[in-house]
Amino acid sequence: MPVINRIADFAEDMTAWRRHLHAHPELRFECFETAAFVVARLREFGVDEIHEGIATSGVVAIIKGTDPGPTIGLRADMDALPMDEVTGLDYASTVPGKMHACGHDGHTTMLLGAARYLAETRNFAGRVALIFQPAEENGGGAEVMVKEGVLDRFDIKEIYALHNAPGTPVGAFYTTPGPIMAAVDTFHIHITGRGGHGAMPHETADPIVAAVGMVNAIQTIVSRNHYAQDDLVVSVTQIHTGSADNIVPETAYINGTVRTFDRAVQGMVMARLEAIVAGHAAAYGVEAELTYEVGYPATVNDADRTAFAADVAREVSADVIDDAGPEMGAEDFAYMLEERPGAYLFVGNGDTAGLHHPAYDFDDSAAPAGASFFARLVERALPAG
């Protein structure tokens, strides 16, 4: 894996940074210790500007090249997940109920590695805006940063990001032009019936029967209401009701997720959910309320920037796929790509536990590849001289 030699020289430092971050995870917008660690490293590197407190705890740093030119944005997310770690590693999370189970500690480290190299060499014309973002997992920190004017304030012309990929060889890259990650929505259904004795169901309005009917009907949205070649996922993920074997409960709750790439498909799902909930409520004599929460939009790569980024990745790795197709996961980097052209890529994390798994760990040998990609992308996009 031909990483940049200078970045390979400080790979041990990157490992130390990443493991420190892994041991001290923070959630959502409350990434204050993480941001302080990032700022301390950036000051050591001698970047030109550091702007703190964006989207509560986000950081933007500016590195200037040898000559004037446009500004390219590079983004890394910093937040962890609300879950316990089971790895038993020496650097495992020291905070109960919080864990870097998605590799954002690695993403932050890769961008710090690129920052150190770019601040030392400055072999480019223009500026680099290094964006360290909170609240990717929950809260839409990218959207908040966009609304706070980060892209305009720093005159960012195009923007790029990386995410690690368990199951892909370490240092390999893959991406795709156009949609690469899905839009993610959430639905909640609250059913209110009439409870009573389990031996006398005729005196009740059973919310369980209504809930089961609704869930079965929801499954037909994918199989019977949309064109089979349009990507769509509708998953019921929670049903809560009941307390004892001889009680018909008063209420039931259904929760689920919707993943789409097309707004027309999204609209169809919303309409079908409304019809299913209303129809089954009437059929079973219960009341039901649907709440549909529109979440992150689809992450859509610019075709030209994606081709360019894949070409840069080939300078770092011989294993690059540039037409991998879309995935049904979601990513709030979508908000930045709605405002600026750019690309989102994956870098291999090897044969590790999957993302959001309590045994997951970022593979430190992937960090030099990600840092080298970021650095070469800047040097290629903003050639000196």
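This is a short tour of the structure, stop by stop, with something to select at each one.

Before you start, note that the model is predicted, so local features need pLDDT of at least 70 and side-chain atom pairs count only at pLDDT 80 or more, while totals for chains, interfaces and linings use all residues. Residues are numbered from 1 along each chain as its sequence is written, and side-chain values use heavy atoms, with hydrogens and water left out.

**Stop 1: strand β5**

Select residues 156–165, which make up strand β5. Helices (H or I, at least four residues) and strands (E, at least two) are DSSP runs, numbered from the N terminus. Is β5 enclosed or open? Nine of its ten residues are buried, so the strand is largely enclosed by the rest of the structure. Here, buried means under 20% relative accessible area, exposed means over 50%, and partly exposed lies in between (1.4 Å probe, protein chains only).

Now add strand β3, residues 67–77, which pairs with β5 in the parallel sense over five bridges. Two strands pair if DSSP finds at least two bridges between them. To see one bridge, pick T71 and its partner in β5, I156. Then add strand β16, residues 342–348: it runs parallel to β5, and seven bridges join the two. Look for H163, which stands opposite F346 in β16.

**Stop 2: aromatic rings**

How many aromatic pairs does a search of the whole structure find? There are seven. Rings of Phe, Tyr and Trp (its six-membered ring) pair if their centres lie within 6.5 Å; planes under 30 degrees apart count as stacked, over 60 as edge-to-face and the rest as tilted.

Select F173 and F373, a tilted pair with 5.5 Å centre to centre and 40° between the planes. F173 belongs to strand β6 (residues 173–174) and F373 to helix α11 (residues 367–381), so this pair links distant parts of the chain, 200 residues apart. F173 is buried at a relative accessible area of 1%, and F373 is buried at 0%.

Next, select Y296 and Y335, an edge-to-face pair with 5.9 Å centre to centre and 80° between the planes. Y296 sits in the loop between β13 (287–294) and β14 (299–301), and Y335 in helix α10 (residues 334–339), so the pair ties together parts that are 39 residues apart in sequence. Y296 counts as buried at 12% relative accessibility, and Y335 is buried with a relative accessible area of 12%.

To finish this stop, select Y174, F333, Y344 and F346, which form one aromatic cluster.

**Stop 3: helix packing**

Show helix α4 (residues 104–121) with α11: they pack at an angle of about 45°, with their axes 8 Å apart. Axes are lines fitted to C-alpha atoms, for helices over the stretch in contact, and angles run from 0 to 180 degrees between N-to-C directions. The two helices are therefore oblique to each other.

Now show helix α2 (residues 11–23) and helix α3 (residues 32–45), whose axes come within 10 Å and cross at roughly 160°. That makes α2 roughly antiparallel to α3. Angles under 35 degrees count as roughly parallel, over 145 as roughly antiparallel, 65 to 115 as roughly perpendicular and the rest as oblique.

**Stop 4: a backbone detail**

Last, select A55, in the loop between β1 (49–54) and β2 (58–64). Its phi is near 55°, a positive value in a residue other than glycine. A55 is buried, with a relative accessible area of 0%.
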